[in-house]
Amino acid sequence: MALSSNVIGAINFVAMLLSIPIIGAGIWLAMEPDNSCVKILQWPVIILGILILIVALAGFVGGFWRIPWLLISYLIAMLILIILLACLVVFIYMVTVRGSGHLEPSRAYLEYRLDDFSGWLRRRVQSSYKWDRIRGCLSSTNMCAELNQSYRMAQDFFNAHISPLQSGCCKPPTQCGYTFVNPTYWISPINNAADMDCLQWNNDQNQLCYNCDSCKAGLLANLKEEWRRADIILLITLVALICVYLVGCCAFRNAKTEDLFRRYKQGYT
């Protein structure tokens with residue numbers, strides 16, 4: 001019984017360690033400028049990681065101090081958390097499976113369209129109330145100013161691999177036919193009717209294309225890239241947690257069997 005309980009305690013110590021990449025993924029998302037403006041995924045990930053840490057700590061204590069009710073509570077709670085983590089992994093994959101950039105002639109960067117993304121993601125940015133808050137947050141960053149510092153010549157900018165957010169928010173759509181002055185200043189559009197975003201473009205550095213659908217699409221493309229990276233971390237951790245949980249269940253069952261056998265021997269003698 002003592003040996004199996006120690007094994008359970010050691011296994012739960014591993015589970016405690018596995019909560020670290022989950023919490024780390026949430027903190028990483030919270031530190032990214034676009035995610036910090038949207039505030040959708042980071043807190044659920046962080047909270048789930050903290051809950052796994054607390055439950056694993058309870059299992060660790062219950063294993064080493066041989067507290068059966070705490071171990072049973074741990075097994076039930078960890079199963080629920082593993083199911084929640086699995087649901088989160090699947091959910092992130094489903095909402096990010098759609099949405100990709102489009103090549104434009106003589107451009108190295110991609111441009112993005114809002115309709116290409118999942119309905120759930122689009123609803124996070126289509127409401128004027130939500131977008132006003134997000135737009136104010138994005139415009140306070142220096143992501144567009146960085147382009148002016150990095151690219152002076154038009155051809156250098158056209159050959160640049162800028163982020164989806166910069167592509168959507170810091171310049172007008174290519175099909176509008178604007179003439180490049182600098183990355184955030186464009187003049188003389190040729191075809192304003194090509195896209196509604198052509199009329200939304202403004203050379204005011206606080207406006208730019210922050211009211212454009214292309215900016216919303218660029219934001220969702222950025223979120224998609226970051227969420228998919230976080231999802232890979234969560235998936236690997238989920239698989240490891242399942243393995244740890246199954247080993248813990250076996251150790252707990254063996255501990256109970258050994259305890260019953262010990263009691264049987266005592267009663268027999």
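**Exercise 1. Burial and ring pairing around helix H8**

Is phenylalanine 158 buried or exposed, and what is its relative accessible area? Work from the predicted model shown above, and then describe the aromatic pair that phenylalanine 158 forms with phenylalanine 180.

*Solution.*

Step 1. The relative accessible area of phenylalanine 158 is 12%, and buried means under 20%, so phenylalanine 158 counts as buried.

Step 2. The same cut-off is applied to the partner: phenylalanine 180 has 15% relative accessibility and therefore also counts as buried.

Step 3. A pair of aromatic rings is described by the distance of the centres and the angle of the planes. For phenylalanine 158 and phenylalanine 180 the centres are 5.9 Å apart and the planes stand at 75 degrees, which is an edge-to-face arrangement.

Step 4. Because phenylalanine 158 lies in helix H8 and phenylalanine 180 in strand E3, this pair ties together parts that are 22 residues apart in sequence.

**Exercise 2. A further pair and the cluster**

Classify the pair formed by phenylalanine 157 and tryptophan 186, and list the residues of the aromatic cluster to which these two belong.

*Solution.*

Step 1. The whole structure holds 11 aromatic pairs. In the pair of phenylalanine 157 and tryptophan 186, the ring centres are 6.0 Å apart and the planes make an angle of 65 degrees; since planes over 60 degrees apart count as edge-to-face, the pair is edge-to-face.

Step 2. Phenylalanine 157 belongs to helix H8 (residues 154–158) and tryptophan 186 to strand E4, so the pair links parts of the chain that are 29 residues apart in sequence. Both phenylalanine 157 and tryptophan 186 are buried.

Step 3. One aromatic cluster is formed by Tyr109, Tyr151, Phe157, Phe158, Phe180 and Trp186.

**Exercise 3. The hairpin of E3 and E4**

In which sense do strands E3 and E4 pair, and over how many bridges?

*Solution.*

Step 1. Strand E3 covers residues 179–182 and strand E4 residues 185–187, and the two pair in the antiparallel sense over 3 bridges.

Step 2. With 2 residues between them, E3 and E4 form a hairpin.

Step 3. Across this pairing, phenylalanine 180 stands opposite tryptophan 186 in E4, and both of these residues are members of the aromatic cluster given in Exercise 2.

**Exercise 4. Two pockets compared by their linings**

Which helices each supply at least two residues of the lining of the largest pocket, and between which domains does the second largest pocket lie?

*Solution.*

Step 1. The largest pocket encloses about 280 Å³ of space; its lining comprises 18 residues, and those nearest its centre are Tyr112, Arg113, Asp195, Asp197 and Ser214.

Step 2. Helix H9 (164–169) and helix H11 (213–268) each supply at least two of the lining residues, and by class the lining of the largest pocket divides into 5 nonpolar, 5 polar and 8 charged residues.

Step 3. The second largest pocket has a volume of about 150 Å³. It is lined by 13 residues, with Pro33, Met143, Ser163, Leu165 and Asn222 closest to its centre.

Step 4. At least two residues of the lining of the second largest pocket come from each of helix H2 (33–38), helix H7 (143–150), H9 and H11, and the classes are 4 nonpolar, 5 polar and 4 charged.

Step 5. Domain 1 (1–98 + 223–266) and domain 2 (126–220) both contribute residues to the lining of the second largest pocket, so this pocket lies between them.

**Exercise 5. Positive phi in two loops**

Where do lysine 39 and serine 188 lie, and what are their phi values?

*Solution.*

Step 1. Most residues other than glycine have a negative phi. Lysine 39, however, has a positive phi near 55 degrees, and serine 188 likewise has a positive phi near 55 degrees.

Step 2. Lysine 39 is found in the loop between H2 and helix H3 (42–64), whereas serine 188 sits in the loop between E4 and helix H10 (197–200).

Step 3. Lysine 39 has a relative accessible area of 56% and is therefore exposed, while serine 188, at 48%, counts as partly exposed.

Step 4. Isoleucine 190 is also in the loop between E4 and H10, and its relative accessible area of 73% makes isoleucine 190 exposed.

Conventions:
Residues numbered from 1 in each chain as written. Predicted model: local features only at pLDDT ≥ 70, side-chain atom pairs only at ≥ 80, totals over all residues. Heavy atoms only, no water. 1 Å grid on protein atoms, 1.4 Å probe; cavity = no way out; pocket = protein on both sides within 12 Å on 5 of 7 lines; lining within 4 Å. Points joined across faces, edges and corners; volume = space filled by probe spheres on them. Helix = DSSP H or I, 4+ residues; strand = E, 2+ residues; numbered from the N terminus. Nonpolar A, V, L, I, M, F, W, Y, C, P; charged D, E, K, R; others polar. Domains from an automatic or database assignment. Pairing = 2+ DSSP bridges. Phe/Tyr/Trp six-rings, centres within 6.5 Å; stacked < 30°, edge-to-face > 60°. Buried < 20%, exposed > 50% of the residue type's maximum accessible area, 1.4 Å probe, protein only.
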